[in-house]
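Dear colleague,

I am handing over the structure below, and I would be grateful if you could look through it with the notes that follow. They cover helix packing, a salt bridge, and the pockets and the cavity.

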Amino acid sequence: MNIFRFAGDMTHLISILVLLLKIYATKSCSGISLKTQELYALVFLTRYLDLFTDFISIYNTVMKIIFIASSLAIVWCMRVHPIVRRSYDKDLDTFRYYFIVAGSFILALLVNEKFGFQEIFWAFSIYLEAVAILPQLVLLQRSGNVDNLTGHYVFFLGAYRALYILNWIYRYFTDIHFNRWIACIAGLVQTALYADFFYYYYISWRNNSKLQLPA
């Protein structure tokens, strides 16, 4: 493991902790897209099908469990928790995400590293993760104002994938067997989707003002 991969994992973990902090500290999920959280839960469940069949390292196994458990816990809170679910912005979270689920699965069937059960679902999870943030970004644009914790959550989520791009570049030059081109292309698409948000996040940070996105 290189420093970019580790930094990416830690940044991803921070984004999840920030979101959990928002939910449990404020008992609110206002500004958070349930559809994006459900997509991420689906991403982790399909990517880590090898959790109980292939052992790589304790670190790898622990991180897989954390990502699966935390994503399911967030979905549970937003759907079931008697207080948290009342603050869900259902009227703003209307992105038709089943189109990107279907599109990602069809693409995984057509473009994959190996036509096998786990490999197809791995490719599906990569394609789906690249666009899973779309419902969240659409919700934030519709609401306009973004609270600090939600803004930090989205920022760290985007930064994690940007760090993974550095990880792939590093591995390309140091690992002669590196062939994760599907993940590289999907990661570039995913990071590009955050470009507009990163700009307004920077403006907010520079001016020490509340984060606002244009409708």
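Where α7 passes α9, the crossing is left-handed. This is a predicted model, and in it α7 and helix α9, which spans residues 195-207, pack with their axes 10 Å apart and at an angle of about 130°. Since an angle that is neither under 35 degrees, nor over 145, nor from 65 to 115 counts as oblique, α7 is therefore oblique to α9.

The packing of α1 with α7 can be set beside this. The axes of α1 and α7 lie 8 Å apart, and the angle of their packing is about 165°. Angles over 145 degrees count as roughly antiparallel, and α1 and α7 are therefore roughly antiparallel to each other. The crossing in which α1 passes α7 is left-handed, and the contact of α1 with α7 has, by class, 16 nonpolar, 7 polar and 3 charged residues.

Helix α1 also holds a salt bridge that you may wish to view in the model. D9 forms this salt bridge with R5, and their closest N and O atoms are 3.2 Å apart. Both D9 and R5 lie in α1, where they are 4 residues apart, which is about one turn of the helix. In the structure there are 7 salt bridges.

R5 comes up again in the pockets. The largest pocket holds about 1,000 Å³ of space, and of the 36 residues that line this pocket, those closest to its centre are R5, I56, N60, W122 and R180. At least two residues of the lining come from each of α1 (3-26), α2 (34-47), α3 (58-79), α5 (117-131) and α7 (148-174), and α7 gives the most, with 6 residues. Sorted by class, the lining of the largest pocket comprises 15 nonpolar, 9 polar and 12 charged residues.

For the second largest pocket, the volume is about 170 Å³. Its lining is made up of G103, S104, L107, V111, Y127, A130, V131, W181, I182, I185, A186 and V189, and the elements that give two or more residues to that lining are α4 (98-110), α5 and α8 (181-193). The largest share of the lining of the second largest pocket, 5 residues, is supplied by α8. How do the residues of this lining divide by class? There are 10 nonpolar and 2 polar residues in the lining of the second largest pocket, and no charged ones.

As for enclosed space, the count comes to 1 cavity of 30 Å³ or more, and the volume of the largest cavity is about 80 Å³. The residues that line the largest cavity are H12, I16, L19, Q37, Y40, F44, S70, S71, I74, Y153 and L157, and α1, α2, α3 and α7 each supply at least two residues of this lining. By class, the lining of the largest cavity has 7 nonpolar and 4 polar residues, with no charged residues among them.

When you open the model, α1 and α7 may be a convenient place to begin, as these two helices pack against each other at an angle of about 165°, each supply at least two residues of the lining of the largest pocket, and each supply at least two residues of the lining of the largest cavity.

With best regards

Definitions and conventions. Residues are numbered from 1 along each chain as its sequence is written. This is a predicted model: local features need pLDDT of at least 70, side-chain atom pairs count only at pLDDT 80 or more; totals for chains, interfaces and linings use all residues. Side-chain values use heavy atoms; hydrogens and water are left out. On a 1 Å grid over the protein atoms alone, a cavity is a set of points where a 1.4 Å probe fits but cannot get out, and a pocket is an open set with protein on both sides within 12 Å along at least five of seven lines; lining residues have an atom within 4 Å of a point. Grid points are joined across faces, edges and corners, and a volume is the space filled by probe spheres set on the points. Ala, Val, Leu, Ile, Met, Phe, Trp, Tyr, Cys and Pro count as nonpolar, Asp, Glu, Lys and Arg as charged, and the others, Gly among them, as polar. Axes are lines fitted to C-alpha atoms, for helices over the stretch in contact, and angles run from 0 to 180 degrees between N-to-C directions. A crossing is left-handed if the near helix is turned anticlockwise from the far one by less than a right angle, and right-handed if clockwise. A salt bridge is a side-chain nitrogen of Lys or Arg within 4 Å of a carboxyl oxygen of Asp or Glu.
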